[in-house]
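Student: Could you walk me through this model? I am new to it and would like to start with how helices pack.

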Amino acid sequence: MAPPNEAKMAVNRLPNNDSKSSSPDPDAALLADMGYVQDMKRNFSVWSVLGVGFSLTNSWFGISTALVTGINSGGPVLIIYGIILITFVSASVGISLAELASAMPNAGGQYFWAYELAPPKFAKFASYLTGWFAWAGSIFTSASVALGLGSAVMGCVQLFRPEMTIQRWHILLAYLAINTLSFLFNTHGRLLPTIATLTLYISLLSFLTILITIPSVAPTHQPPSFVFATFTNNTGWSSPSIAFIVGLTNTNWAFACLDCATHLAEEVANPSRMIPIAILGTVAIGCVTSWTYSVAMFFSIQDLQALLDTKTGVPILELFYQAVRSKGAAVALEGLILMTGMGCLVASHTWQSRLCWSFARDNGLPFSRFLSRVDDKLGVPFNAHLVSCLIVSVLGFLYLGSVTAFNSMAAACIVLLYISYSIPIFCLLVKGRENVRHGPFWLGWVGKVANWVLLGWTVFTFVMYSFPPVMPVRLGNMNYVCVVYGVVFAGVVGWWHIEGKGSFKERGGVVEVVQDEVVR
């Protein structure tokens, strides 16, 4: 590697005689300047990238899925005002990611930025940590979405069969079936943009259908004081503030995964402009849909305690049933949520596979040569997609052993992703924002404030989201998220010393040269 005093940035660059790097396409040329060839086809439009980004974050769907914990840890107040708080945080995260995606549009996203922005002495390890945390967060996210969908399917079955008691293995089978079905949607690259756009429309149409139907047919409506001023605390925490923060995890989950669009930077034209639009569009649509949806649903609740005690295990399904007073209609409305959720999981698979593939092409993972291949016929990184989905399937069996442990893993996805965002942002602030050549999207002092909000929120969530969800603490209800962090960190550091330290960012047939055109 070039000595630090020779230039402020060194990147892996392909030899000039590589035919793929000599494309007249300005996007491919920019990618070549970063040291990569154009392996993926740019089939996505800004609309389809927004479709993937919003379908994954899908905040109103996330609120539906997380409703069970939210109404126990703060009730309507938590969700109504929590959405406003998390929207502010998410806007800061989105601005931070969008600025770097505009300056350095690369499928590696945050791990690539960490490598370019960190001091040369720490660049490889900072990038390596970032890549692993991001990929682990994406895997855990897919697992949590698949579990939510599996639980919803079994809840619909139970509604029609009241004598049935839902068992964990029932949910696991639904989990595995849903994960497998979603896997198939990501096996044809040419169809993915169409699927992404379609899932965006499905989500928005489902949202509007439920938003109009439920308040219209509900027999009675709650007063505004219930919706905007009712705080419930069934957590056992004596402090309402701690109960609120514990419940905030679920609202935060509904706005997670904002980096998704950045990993499609090599599959969309003019990514320096399109990726920021997709990221901030996701936050804006998520805020409007999730807040209006939550207000409408809380106004339509007939019996809050019945939602807490429902045998279906799906409070939103019970809410639908209370409002429409028909099992068939309630399941039909839940079916809209299931279709939206399937779009969310398909987008999550797209996201995790791109993270895996891009990280593997820099030798960041075991079996990187296998994982970094792009199937020319299918037009997707099929191996990375297959392995990522297999890991998600295996993680489902953890639910059989311990619901608490699985939920802790799902909660860890939020903080691991925040950490993966914070590493390059911290490096950016240390380097100095004024020393970075920015892209078309750059907000100056507003961006700097957003950077600090992201860092502060990451520290806050790392500490506060480790608190147990209920008191008193027992073995069966403890928050094991710290154990998840420890296992992930130990595995990453262990593999770094075994293989990563020597092979990461050292690609066969690629030479390192000094490049100071992107960051000065």
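Tutor: Before we look, one term is needed: a crossing is left-handed if the near helix is turned anticlockwise from the far one by less than a right angle, and right-handed if clockwise. Please also keep in mind that this is a predicted model.

Student: OK, so which hand is the crossing of helix 7 and helix 14?

Tutor: Helix 7 passes helix 14 in a right-handed crossing. The axes of helix 7, which covers residues 168-185, and helix 14, which covers residues 327-360, come within 9 Å and cross at roughly 65°.

Student: And which residues make the contact?

Tutor: From helix 7 there are I178, N179, L181, S182, F183 and F185, while helix 14 brings M342, L345, V346 and H349. By class, the contact of helix 7 with helix 14 has seven nonpolar residues, three polar ones and no charged ones.

Student: Switching to rings, how many aromatic pairs are there?

Tutor: The count comes to 23 aromatic pairs. Ring pairs link Y111, F125, Y128, W132, W135, F359, W496 and F504 into a cluster.

Student: What lies over the face of W357?

Tutor: That is R361, at 4.6 Å from the ring centre of W357.

Student: Last one: is N451 buried or exposed?

Tutor: N451, which is placed in helix 19 (residues 445-464), counts as buried because its relative accessible area is 0%, and buried means under 20%.

Student: What is N451 in contact with?

Tutor: Leaving aside neighbours within four places in sequence, N451 is in contact with S96, E99, I425, L428, L429 and R433.

Conventions:
Residues numbered from 1 in each chain as written. Predicted model: local features only at pLDDT ≥ 70, side-chain atom pairs only at ≥ 80, totals over all residues. Heavy atoms only, no water. Helix = DSSP H or I, 4+ residues; strand = E, 2+ residues; numbered from the N terminus. Buried < 20%, exposed > 50% of the residue type's maximum accessible area, 1.4 Å probe, protein only. Contact = heavy atoms within 4.5 Å. Phe/Tyr/Trp six-rings, centres within 6.5 Å; stacked < 30°, edge-to-face > 60°. Lys NZ or Arg CZ within 6 Å of the ring centre and 35° of its normal. Axes fitted to C-alpha atoms, helices over the stretch in contact; angles between N-to-C directions. Nonpolar A, V, L, I, M, F, W, Y, C, P; charged D, E, K, R; others polar.
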